[in-house]
Amino acid sequence: QVQLVESGGGLVQAGGSLTLSCAASGRTFTDHAMGWFRLAPGKERERVAALSWYGESPDYADSVKGRFTIFADVAKNTVYLRMNALKSEDTAVYYCAAATGRSYYADFDSWGRGTQVTVSS
């Protein structure tokens, strides 16, 4: 499995921005598609963004399209989630995950511990 450590969460006002980071180790970074998921109280886990190393365009949930951007620095084995125009409904614990393959259609089987994002209205 891939070891993942998230950082960058915190408290931000509605309309603000935040960038989450996820440092990966343990396997070849580009052998695993990367994703950001979130879990809010009373809601199901949602995949908000995913990055493929298989030639697919980044994938975004409808709820974050146009506001969130996933990108990676391969030299640093790190994937990021840039979040703009944050809304109170974006409040959740955000998890970084790595898939078993290079496509984001593969199963995500490695998970970080999560980082809390709280958006105040």
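This dialogue walks through the salt bridges of a predicted model.

User: How should I recognise a salt bridge here, and how many salt bridges are there?

Analyst: The general idea is a distance test, in which a side-chain nitrogen of Lys or Arg must come within 4 Å of a carboxyl oxygen of Asp or Glu. By this rule the predicted model holds 5 salt bridges.

User: Which residue pairs with Arg38, and which parts of the chain does the pair tie together?

Analyst: The partner of Arg38 is Asp90, with the closest N and O atoms 2.9 Å apart. Because Arg38 belongs to strand E4 (residues 34-39) whereas Asp90 sits in the loop between strand E8 (78-83) and strand E9 (92-99), the pair links parts that are 52 residues apart in sequence.

User: Is Arg38 buried or exposed, and what of Asp90?

Analyst: Burial is read from relative accessible area, with under 20% counting as buried. Arg38 has 7% and is therefore buried, and Asp90, at 1%, is buried as well.

User: Where does Arg67 fit in?

Analyst: Arg67 also forms a salt bridge with Asp90, the closest N and O atoms lying 2.7 Å apart, and Arg67 is itself buried, with a relative accessible area of 10%. Through shared partners, salt bridges join Arg38, Glu46, Arg67 and Asp90 into one network.

User: How does the pair of Asp59 and Arg47 read?

Analyst: Their side chains meet in a salt bridge at 2.7 Å, N to O. Asp59 lies in strand E6 (residues 59-60) and Arg47 in strand E5 (residues 46-51), so this pair ties together parts 12 residues apart in sequence. Asp59 is partly exposed at 28% relative accessibility, and Arg47 is partly exposed at 25%.

Conventions. Residues are numbered from 1 along each chain as its sequence is written. This is a predicted model: local features need pLDDT of at least 70, side-chain atom pairs count only at pLDDT 80 or more; totals for chains, interfaces and linings use all residues. Side-chain values use heavy atoms; hydrogens and water are left out. Helices (H or I, at least four residues) and strands (E, at least two) are DSSP runs, numbered from the N terminus. Buried means under 20% relative accessible area, exposed over 50%, partly exposed in between (1.4 Å probe, protein chains only).
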